[in-house]
Amino acid sequence: MLDLSRLRALHAVSVHGSVSAAAVALGYTPSAVSQAITKLERETRTTLLERRGRGIVLTDAAARLAGTAQELMAMVERAETELEERRGQPTGRLVVGAFASAARGLMPSVLAELAAAHPSLDSRLVEVDPHLSVGLVAQGAIDLTVTFEWDINPLPAPDGLERMRIGEDKCDVLVPRGHPLAGRAVLHGGDLAQQRWICQPPGTVCHDWLVRTLRASGSEPDLAYQAAENHTQMALVAAGLGIALLPRLGRGPLPPEVVSVPLEPVPVRRLFAYWRAGAARRPAISETVRLLCAHWPERSL
């Protein structure tokens, strides 16, 4: 008899690509995940992981077993959903993914209310890149995710998933207090030409959006400083090194050396919650989505 928790560990490794990343997603230690895989290898008398360079890869047998694990996890989810639906209260384990600023600016209050109102619910949070989060829900690696889309870069809607729009997160141009643009009441696309920009690294949604937006206004962006964290970008703006376009969610108070100037038209990113259609009846899902929407107005300032 194969152990479901060990199959879950193998599936997590297949989805996240490494033992350490799987451990973060599952809330385990890397050694616990490694031990689970080792025990599963003994149970199946099969080599499941092979070292390649500094990383690991799944063997063909492991890839097939991970696919079977995903099917079994879907069956278990249906059973758990039915039981939870009969109880009428959020229970069990709920793994929520969120991109960085939502994890900082929205999820703490939502998770705190969930914990206070539903002590039988074991809710957990994993910070997830918005590029990957919808796929992780579809694969069963997480139960629900909070992610976003820009108007010029809409999110895909894979079959088998449902979603709810949470709200719109507005963006502002942040400039050093002594910058020529700091005294403007409002900025337009043409005002952003010939500026030194502070932005996220290539390959991120925000970076791609900024480049496409500036090019659409006829300006080739000078991306002088690239940093993944919004607070690092604000520190670089405060030092007078350039300007940045940052959303309001999770931004927090601005340093005294930084001025926020609105841009017209106002750039917005639309936040959504995604979950598997098979879990839609689960009270833990519906209650979390309700709280996400209820807590949003206080975050969209």
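The exercises below, each with a worked solution, concern a predicted model.

**Exercise 1. The nonpolar cores**

Identify the residues that touch the most other members of the largest nonpolar core, and list the contacts of L292 beyond its neighbours within four places in sequence.

*Solution.* Begin with the largest nonpolar core, which has 47 residues, and among these V146 and L292 touch the most other members. Next, take L292 and set aside its neighbours within four places in sequence; the residues in contact with L292 are then L106, M107, V110, L144, V146, I166 and A273. V146 therefore appears in both steps, because V146 is named beside L292 for the core and is also in the contact list of L292, where contact means heavy atoms within 4.5 Å. Finally, a second core of 20 residues is separate from this one, and its members include A22, L26, V33 and L49.

**Exercise 2. The surroundings of H207**

Decide whether H207 is buried or exposed, and describe where H207 lies and what it is in contact with.

*Solution.* First, place the residue: H207 belongs to helix α8, which covers residues 205–216. Second, compare its relative accessible area of 9% with the cut-off, since buried means under 20%; H207 is therefore buried. Third, leave aside the neighbours within four places in sequence, and H207 is in contact with C199, Q200, P201, P202 and L223. As a last step, consider G189, which is 18 residues from H207 in sequence and lies 17 Å from H207 in space, C-alpha to C-alpha.

**Exercise 3. Two pockets and their linings**

Describe the volume, the lining and the main contributing element of the largest pocket and of the second largest pocket.

*Solution.* For the largest pocket, start from the volume, which is about 620 Å³. Its lining consists of 31 residues, and R8, E77, E80, D143 and R276 lie nearest the centre. Among the elements that each supply at least two lining residues are α1 (4–16), α2 (19–26) and β3 (92–98), while α4 gives the most, with 10 residues. Sorted by class, this lining holds 12 nonpolar, nine polar and 10 charged residues.

For the second largest pocket, the volume is about 490 Å³, and the lining comprises 31 residues, with Q200, T204, C206, A228 and N230 nearest the centre. Elements that each contribute at least two residues include α5 (100–105), β5 (144–150), β7 (196–199) and α9 (230–238), but the largest share, five residues, comes from α8. By class, the lining of this second pocket divides into 19 nonpolar, seven polar and five charged residues.

**Exercise 4. The aromatic pairs**

Classify the ring pair of F99 and F148 and the ring pair of W150 and W209, and state which parts of the chain each pair joins.

*Solution.* The count of aromatic pairs comes to four. In the pair of F99 and F148, the ring centres are 4.7 Å apart and the planes stand at 70°, so the pair is edge-to-face. This pair links distant parts of the chain, with F99 in the loop between β3 and α5 and F148 in strand β5, 49 residues apart. F99 is buried at 3% relative accessibility, and F148 is buried at 4%.

In the pair of W150 and W209, the ring centres are 4.3 Å apart with the planes at 20°, so this pair is stacked. W150 lies in strand β5 and W209 in helix α8, so the pair ties together parts that are 59 residues apart in sequence. Both W150 and W209 are buried. To complete the picture, ring pairs link F99, F148, W150 and W209 into a cluster.

Terms used
Residues are numbered from 1 along each chain as its sequence is written. This is a predicted model: local features need pLDDT of at least 70, side-chain atom pairs count only at pLDDT 80 or more; totals for chains, interfaces and linings use all residues. Side-chain values use heavy atoms; hydrogens and water are left out. A nonpolar core is a set of buried Ala, Val, Leu, Ile, Met, Phe, Trp, Tyr and Cys residues joined through side-chain atoms within 4.5 Å. Buried means under 20% relative accessible area, exposed over 50%, partly exposed in between (1.4 Å probe, protein chains only). Helices (H or I, at least four residues) and strands (E, at least two) are DSSP runs, numbered from the N terminus. On a 1 Å grid over the protein atoms alone, a cavity is a set of points where a 1.4 Å probe fits but cannot get out, and a pocket is an open set with protein on both sides within 12 Å along at least five of seven lines; lining residues have an atom within 4 Å of a point. Grid points are joined across faces, edges and corners, and a volume is the space filled by probe spheres set on the points. Ala, Val, Leu, Ile, Met, Phe, Trp, Tyr, Cys and Pro count as nonpolar, Asp, Glu, Lys and Arg as charged, and the others, Gly among them, as polar. Rings of Phe, Tyr and Trp (its six-membered ring) pair if their centres lie within 6.5 Å; planes under 30 degrees apart count as stacked, over 60 as edge-to-face and the rest as tilted.
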